[in-house]
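Student: Could you take me through the disulfides of this predicted model, one at a time, with the geometry and the surroundings of each?

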Amino acid sequence: MTKHCLVTLMAVLILACIFVQTSVAAVVVGSCKTGVQFSTIQGAVNASPSGATIDICPGTYPEQVSITKNLTLTGVSSGTSDAAVVVPPSGGLVTNGNDIFGNPVAAQVFVQGATATISHLTVDGNGNGLSGCATDIMGIYFQNSPGKIIDNAVRNQILGSADLGCQVGLAINVESNSGTPAVTISSNSVRNYQKNGITASGPGTSGGPVVTITSNTVIGIGATTAIAQNGIQIGFGSTGEANSNHVIDDIYINPPNCGSACYGSSGILIYASSGVIASSNTVESTQLGIVPATDPTYGPADGTTVNGNHI
């Protein structure tokens with residue numbers, strides 16, 4: 001066997017060994033656990049096979065994460081530390097896709113066309129570097145993707161004061177224009193967002209994600225003249241339920257004599273989606289409590305069940 005053949009064979013064996021090791025061993029971001037270790041979340045995502053679980057050690061990770069395969073990402077504790085924090089890169093967030101309506105987005109954790117579970121992470125948009133209304137900043141974004149978003153802290157998906165009137169800034173957003181993926185959004189802490197805290201959207205009356213939004217705490221920015229926020233929005237053909245959530249501090253101060261141009265912030269907005277259930281929620285310090293709204297273009301909000309809420 002020639003020297004060239006031996007080198008080639010050794011390279012193949014090394015690559016095969018790395019693949020097998022990544023397939024069967026724990027995949028770890030950081031060094032708090034034994035396993036196949038990576039310094040970045042995206043590096044672990046790229047190297048992991050479909051179906052893998054990635055444990056993310058406490059630390060700060062300045063990156064935008066894109067997921068297009070079936071994965072579980074979980075923040076883990078180490079000693080007295082338990083915060084795995086995703087923050088914008090040093091140069092700020094950049095556009096990394098479009099939403100289902102064709103608008104550019106800058107998502108911090110973007111799941112597209114895959115089944116994923118995202119849990120025990122902090123996703124912080126502070127220092128995002130975005131300006132103007134062209135690009136929508138999002139914290140955790142599921143597009144055409146079933147899965148779970150559980151026990152995360154999502155915050156600061158918001159622009160500077162000069163751009164606070166832009167209709168962008170979604171802390172947790174799930175959308176679908178392909179099928180009706182089931183998504184559970186549970187036990188998250190959401191605060192300091194710009195437009196909506198938790199959002200589920202489809203492409204109109206043809207259907208969108210089927211969501212279970214439960215036991216989340218959603219805190220708006222309080223009374224403001226800049227933007228009409230919504231704590232939770234299920235709309236544009238999405239279905240499902242919002243139950244046992246605590247939503248506070250969404251209040252829009254209208255200008256004097258606004259007439260037919262007056263607007264309001266909602267604790268839970270059900271917009272052009274039928275058959276949605278809102279039960280056992282607490283909505284406080286919010287202009288409008290639970291609002292089903294029909295849209296002449298996108299469809300009705302008929303068959304809404306509103307039961308046992310404290311407003």
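Tutor: Cys32 has a relative accessibility of 28%, so this cysteine counts as partly exposed, since the buried class ends at 20% and the exposed class begins over 50%. In this predicted model, Cys32 forms a disulfide with Cys57, the two sulfur atoms lying 2.0 Å apart, and the torsion of -85° about the S-S bond makes that link left-handed. Cys32 sits in the loop between strand 1 (27–29) and strand 2 (36–38), while Cys57 sits in the loop between strand 3 (52–56) and strand 4 (59–62), so the bond ties together parts that are 25 residues apart in sequence. Cys57, unlike its partly exposed partner, is buried, with a relative accessible area of 2%.

A search of the whole structure gives 3 disulfides, and another of them joins Cys133 and Cys166, with 1.9 Å between the sulfur atoms and a left-handed link at -70° about the S-S bond. Here Cys133 belongs to the loop between strand 11 (122–124) and strand 12 (136–143), and Cys166 to the loop between strand 14 (153–155) and strand 15, so the pair connects parts 33 residues apart in sequence. Cys166 is buried, at 4% relative accessibility.

The disulfide of Cys258 and Cys262 has an S to S distance of 1.6 Å, and its torsion of about 80° about the S-S bond means that it is right-handed. Of these two cysteines, Cys258 counts as buried at 16% relative accessibility, whereas Cys262, at 37%, counts as partly exposed. With the bonded cysteines numbered in sequence order, the pairing reads 1-2, 3-4, 5-6.

Note on methods:
Residues are numbered from 1 along each chain as its sequence is written. This is a predicted model: local features need pLDDT of at least 70, side-chain atom pairs count only at pLDDT 80 or more; totals for chains, interfaces and linings use all residues. Side-chain values use heavy atoms; hydrogens and water are left out. A disulfide is a pair of cysteine sulfur atoms within 2.5 Å. Helices (H or I, at least four residues) and strands (E, at least two) are DSSP runs, numbered from the N terminus. Buried means under 20% relative accessible area, exposed over 50%, partly exposed in between (1.4 Å probe, protein chains only).
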